[in-house]
Amino acid sequence: MSKKTIKDVNLTGKTVLLRADFNVPLNASLEITDDNRIKAELDTIKYILDQKAKLVVFSHLGKVKTDEDKKTKSLQPVANRLSELLGQDVKFCPETRGEKLESLVKELKDSEVLLVQNTRFEKGETKNDEELGKYWSSLGDIFVNDAFGTAHRKHASNVGISNNLEAVSGFLIEKEIKFLGSVESAERPLVAILGGAKVSDKIAVIENLIDKADKIIIGGGMMFTFLKAMGKNIGKSLVEDDKLDLAKEIIKKAAEKEVDLLIPVDTVVASEFSNDAAFKTVSVDEIPDDMMGLDIGQKTLDMFREELSSAHTVIWNGPMGVFEMSNFAKGTIGVLETLASLKNAVTIIGGGDSAAAAIKNGHRESFTHISTGGGASLVYLEGKELPGITAIADK
Ligand code: ADP
Ligand code: MG
């Protein structure tokens with residue numbers, strides 16, 4: 001389903017409410033240590049300002065449980081940084097409701113920006129409190145949702161406002177929908193690469209993709225549950241014994257649907273979960289009792305590379321090994337490099353750790369799309385609805 005975007009509506013002279021994702025990391029001195037999320041929102045903001053609209057921006061920042069948390073979770077540093085990046089004044093309202101906010105909104109002139117304090121300062125935000133959604137929506141004429149990272153949640157500042165105002169997507173959500181939502185109409189062969197820590201985190205993703213993909217590549221910690229289900233000894237590797245039947249079922253289902261399920265043939269094993277531990281590569285038939293598998297091996301990587309070479313669409317979720325430790329990062333880096341070298345394929349990365357691994361290894365620009373929403377992208381790959389996106393008007 002195609003969703004309305006800011007390009008489909010007239011914004012001129014209107015007061016536009018924008019839900020952005022400015023959930024940036026702050027250090028102890030409350031300085032922003034990574035401003036990528038602010039930079040990523042500039043295109044949408046500039047477009048709205050170019051239409052001569054008055055812009056009111058909402059975002060959350062971190063978790064706010066107590067009044068004490070409010071001291072360190074103010075959006076004031078974001079207002080300052082946004083102002084520097086935009087090269088224009090950004091007004092800041094330290095309150096989330098009341099006269100001050102209302103008069104700041106009223107005083108806005110065309111092409112001016114106001115940032116509202118952290119939406120989570122309101123208890124009703126995460127409960128999608130009806131009154132709060134109505135109140136915020138009363139401040140503007142139209143709502144632009146561009147916060148993909150919270151699209152899988154029903155909060156007042158996304159779904160709540162959308163229930164009371166016409167809602168359209170900004171450029172970031174438009175891009176997420178375009179690529180993550182393209183699975184149905186993807187060019188074939190479609191290969192899904194699934195890894196990460198646990199099978200249990202990815203059951204719904206596997207079940208959704210098994211109906212859609214031509215090949216499914218399995219790596220990461222969850223490969224050992226599959227290997228054990230196949231009757232192999234996995235030593236001290238990560239395993240979910242209560243998911244062995246499920247793994248068997250997935251293997252059977254893949255065969256029935258004629259989906260190639262590719263399971264590693266070798267693994268890098270270590271005596272301990274540590275980068276200092278002794279390690280070696282062994283066949284999956286020879287995993288020693290006292291060792292654990294922390295990465296895929298070279299033979300497996302070569303096999304995956306071969307299988308990926310003819311892909312026209314690749315969806316990747318979940319690292320191939322414990323990529324945070326250099327000795328066990330080769331499988332993940334090898335797959336990243338393979339994907340980056342594919343010339344005629346659409347390559348999509350979803351999942352917080354997978355995106356982090358790609359960026360950490362210098363591949364920010366190597367793929368068609370790296371999703372910015374960890375949790376939200378998983379829900380999308382599970383084939384489920386995201387309330388924040390459902391609430392956006394259809395084209
Ligand atoms: P994503 O956030 O991309 O969805 P996950 O959160 O599912 O990915 O998985 C990422 C984590 O999986 C990483 O922290 C990584 O260290 C871990 N992991 C990968 N392979 C293994 C393994 N063999 N044993 C233990 N943990 C693993
Ligand atoms: Mg993760």
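This note goes through the ligand site, the two leading pockets, one sheet and two backbone details of a predicted model.

1. Ligand 1, surroundings. There are 20 residues around ligand 1, and those that come nearest are Lys202, Gly293, Glu324, Asp353 and Ser354. Sorted by class, this shell holds ten polar, seven nonpolar and three charged residues. Two elements, β12 (292-296) and α13, each supply at least two residues of the shell. The largest share comes from α13, with three residues.

2. Ligand 1, polar contacts. Backbone atoms of three residues can be listed here. A polar backbone atom of Asp353 is 2.8 Å from an oxygen atom of ligand 1. For Ala197, the distance from a polar backbone atom to an oxygen atom of the ligand is 3.1 Å. Gly293 places a backbone N or O atom 3.1 Å from a nitrogen atom of ligand 1. On its own, ligand 1 has 590 Å² of accessible area, and the protein covers 86% of that area. Gly293 and Asp353 are also among the residues that come nearest to the ligand.

3. Largest pocket. Its volume is about 920 Å³. The lining consists of 33 residues, and Ala40, Ile359, Arg364, Ile370 and Thr372 lie nearest the centre. Two or more lining residues come from each of α1 (36-50), α7 (171-180), α13 (352-360), β15 (369-370) and α14 (374-381). Helix α1 gives the most, with five residues. The class split of this lining is twelve nonpolar, eleven polar and ten charged. Helix α13 therefore deserves a look from both sides, as an element that gives two or more residues to this lining and as one that supplies at least two residues of the ligand shell, elements here being DSSP runs.

4. Second largest pocket. The volume in this case is about 580 Å³. It is lined by 26 residues, with His60, Gly62, Lys63, Arg120 and Thr126 nearest its centre. The elements giving two or more residues to this lining are α2 (67-72) and α14. By class, the lining has 13 polar, eleven charged and two nonpolar residues. Helix α14 is also listed among the elements that give two or more residues to the lining of the largest pocket.

5. Sheet. An open sheet is formed by six strands in the order β9-β8-β7-β13-β14-β15, with parallel pairing. Its edges are β9 (260-262) and β15, each of which pairs on one side only. Within the sheet, β7 (residues 190-194) and β8 (residues 215-218) are joined over four bridges in the parallel sense. Leu194 stands opposite Ile218 of β8. The edge strand β15 also gives two or more residues to the lining of the largest pocket.

6. Backbone geometry. Most residues other than glycine have a negative phi, and most peptide bonds are trans. Two places in the model are worth checking against that background. Arg188 and Pro189 are joined by a cis peptide bond, with omega at about 0 degrees. Pro189 sits in the loop between α7 and β7. Leu30, which is not a glycine, has a positive phi of about 60 degrees. The place of Leu30 is in the loop between β1 (15-19) and α1.

Terms used. Residues are numbered from 1 along each chain as its sequence is written. Chains are lettered from A and ligands numbered from 1 in the order in which they are written. This is a predicted model: local features need pLDDT of at least 70, side-chain atom pairs count only at pLDDT 80 or more; totals for chains, interfaces and linings use all residues. Side-chain values use heavy atoms; hydrogens and water are left out. On a 1 Å grid over the protein atoms alone, a cavity is a set of points where a 1.4 Å probe fits but cannot get out, and a pocket is an open set with protein on both sides within 12 Å along at least five of seven lines; lining residues have an atom within 4 Å of a point. Grid points are joined across faces, edges and corners, and a volume is the space filled by probe spheres set on the points. Ala, Val, Leu, Ile, Met, Phe, Trp, Tyr, Cys and Pro count as nonpolar, Asp, Glu, Lys and Arg as charged, and the others, Gly among them, as polar. A residue is near a molecule or strand if one of its heavy atoms lies within 4 Å of it. A polar contact is a pair of N or O atoms within 3.5 Å; within protein, one must be able to donate a hydrogen and the other to accept it, and residues adjacent in sequence count only if both atoms are side-chain atoms. Accessible areas come from the Shrake-Rupley method with a 1.4 Å probe; for residues, only the protein chains shown count as cover. Two strands pair if DSSP finds at least two bridges between them.
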